[in-house]
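Welcome to this structure! Here are a few points to read with the model open beside you, taken one region at a time.

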Amino acid sequence: MGNITMPLQMETPGRNACALCPRRCGANRRLAAGRCGARAEIRVAHAAPHLWEEPCISGVNGSGAVFFSGCPLGCVFCQNHAISRGGAGRVVTRQGLASLFLGLQAQGVHNLNLVTATPYLHDVRAALAKARAGGLALPVVWNTGGYETPQTVLALRGEADIWLFDLKFHAPVLSARLANAPDYFGVAARALALACAQTGPPVFGPNGLLQSGVVVRILVLPGHRGDAVRLLEHLAGTLPPGGFMLSLMRQYTPPNGAALPPPLHRRVSSYEYRAVVQAAQRLGLHSGYTQGKNSVGEGYVPPFEI
Ligand code: SF4
């Protein structure tokens, strides 16, 4: 893969007119929350060892997950609505965030897993610098819904070792309806190509844990297996073989309390999921994970299978 020559240029000097995600909503977050729900202060909803990522991420000791409040996408089927709309969590300083990172490392986790951190990009980079000065030596995972600007991806060069990259929707009509983001696929596809070029092919440590590279996650949605297949075709047609890991997820669960219209009111059938897995095999996408049938259900541990 070639080098990226696009100049690193953040579109906003700070949070006075935020443009950190493709919404570019221009919010002055010192005065009000942006469309993602994030305000100027750093808000962390949860930080703990996490055992439910892919095996190459969670390993035995867990991934050091830090869930940030707010989300640029806001999918209607989100399982973490209290977090993704920005209300949940506690406010921390950059130094406090660095201490959180170091505390997770002290618990023996395999990596630092930053979940939906995009609205806090500048704070996270500053906290990582502080933590590294204090001894942080873990690989850093950028865990994202895929709705990222090129500028944000480039700002993470040398900061994020691993991308856990959701590729959610192909059809604009679907992303418009479910995440109010008709431009999702074009934006995410560009960000994914940049992330893959930036990290290079997956590199594993002697313990089988991922040290660098990209894991592309596709969550199969009920009634929309064709969209997932379009995403697979895109991956097979544009990214180099062996340039990423694929994670095909069947854990979609209708969120509690949300009256979603059919077909989002139900889980993914075995027929639907199998059709997507077979498409991946047909396209030569063999490097990655599928999920067992019992991985559905809120709060359930999804057992990934190689
Ligand atoms: S990160 Fe949030 S505040 Fe910033 S542009 Fe995106 S939606 Fe707006």
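1. Let's start with a helix pair in this predicted model. Helix α8, which covers residues 225-238, packs against α9 with about 15 degrees between them, and their axes lie 10 Å apart. Because angles under 35 degrees count as roughly parallel, α8 is described as roughly parallel to α9. The crossing in which α8 passes α9 is right-handed.

2. Which residues of α8 and α9 make the contact? From α8 come Arg225, Ala228, Val229 and Leu232. On the α9 side, you can look for Tyr271, Glu272, Ala275, Val276, Ala279 and Ala280. Sorted by class, this contact of α8 with α9 has eight nonpolar residues, two charged ones and no polar ones.

3. Stay with α8 for a moment, as this helix also helps to line a cavity. The second largest cavity has a volume of about 40 Å³, and α8 gives the largest share of its lining, three residues. Strand β8 (210-219) also supplies at least two lining residues, as α8 does. The full lining consists of Lys168, Ile218, Leu219, Leu221, His224, Asp227, Ala228 and Leu231. Ala228 is worth a second look: this residue lines the second largest cavity and also takes part in the contact with α9. By class, the lining of this cavity has five nonpolar, one polar and two charged residues.

4. How many cavities of 30 Å³ or more does the structure hold? There are two. The largest has a volume of about 80 Å³. Its lining is made by Cys18, Ala19, Leu20, Cys21, Arg23, Arg24, Cys25, Arg29, Gly34, Arg35, Cys36 and Pro119. Seven of these lining residues are nonpolar, four are charged and one is polar.

5. Finally, follow α9 to an open feature, the second largest pocket. This pocket has a volume of about 160 Å³. Helix α9 (270-282) supplies at least two residues of the lining, and so do the strands β9 (245-249) and β10 (288-291). Twelve residues line the pocket in total, and those nearest its centre are Leu285, His286, Gly288, Tyr289 and Thr290.

6. What classes of residue make up the lining of the second largest pocket? Seven are nonpolar and five are polar, with no charged residue. For comparison as you browse, the lining of the largest cavity includes four charged residues, and that of the second largest cavity includes two.

Conventions:
Residues numbered from 1 in each chain as written. Predicted model: local features only at pLDDT ≥ 70, side-chain atom pairs only at ≥ 80, totals over all residues. Heavy atoms only, no water. 1 Å grid on protein atoms, 1.4 Å probe; cavity = no way out; pocket = protein on both sides within 12 Å on 5 of 7 lines; lining within 4 Å. Points joined across faces, edges and corners; volume = space filled by probe spheres on them. Helix = DSSP H or I, 4+ residues; strand = E, 2+ residues; numbered from the N terminus. Nonpolar A, V, L, I, M, F, W, Y, C, P; charged D, E, K, R; others polar. Axes fitted to C-alpha atoms, helices over the stretch in contact; angles between N-to-C directions. Parallel < 35°, antiparallel > 145°, perpendicular 65-115°, else oblique. Left-handed = near helix turned anticlockwise from the far one by under 90°. Contact = heavy atoms within 4.5 Å.
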